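Me: Could you take me through this protein model with a few questions and answers, explaining the terms as they come up?

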Amino acid sequence: MSAARSVTDASFEQDVLNSEKTILVDFWAEWCGPCRAVGPILDQIASEHADKIEIVKLNVDENPQTAAKYQITSIPAMKVYQGGEVVKTVIGAKPKPALEADLAAYLA
């Protein structure tokens, strides 16, 4: 199983905005309990749908510029990017079936 890799303010443009793949960015923080709960679920989705979507994590405490740019005010927040644009936003920790339903258009 491949765990989601981390991106930073410095690598965000290259890793996410310039990617040709569909990317889900998990905006999270170490102190956030719901973030820690949703992390393993996202790792499962990443490994099961690796051919369709790439999942990366951005720690909002360590990377405040990107979090501010995308107006992340509550976490966990997940944003799906295609062609450098946000195409979907999911706020809050959810069980795997609910997350997969939210992301169905990108996993099919």
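Reply: What follows is a short set of questions about two annotated residues and some salt bridges. This is a predicted model, in which local features need pLDDT of at least 70 and side-chain atom pairs count only at pLDDT 80 or more, while totals for chains, interfaces and linings use all residues. Residues are numbered from 1 along each chain as its sequence is written, and side-chain values use heavy atoms, with hydrogens and water left out.

Me: Is Cys32 buried or exposed?
Reply: An unreviewed UniProt entry lists Cys32 and Cys35 under "active site", in the numbering used here, though annotations may be inferred rather than shown by experiment. Buried means under 20% relative accessible area, exposed over 50% and partly exposed in between, with a 1.4 Å probe and protein chains only. Because its relative accessibility is 4%, Cys32 counts as buried.

Me: Which residues does Cys32 touch, not counting those up to four places away in sequence?
Reply: Contact means heavy atoms within 4.5 Å. With residues up to four places away in sequence not counted, Cys32 touches Ile75 and Pro76.

Me: Which residue forms a salt bridge with Lys96, the closest N and O atoms being 2.8 Å apart?
Reply: A salt bridge is a side-chain nitrogen of Lys or Arg within 4 Å of a carboxyl oxygen of Asp or Glu. At 2.8 Å between the closest N and O atoms, the partner of Lys96 is Glu48.
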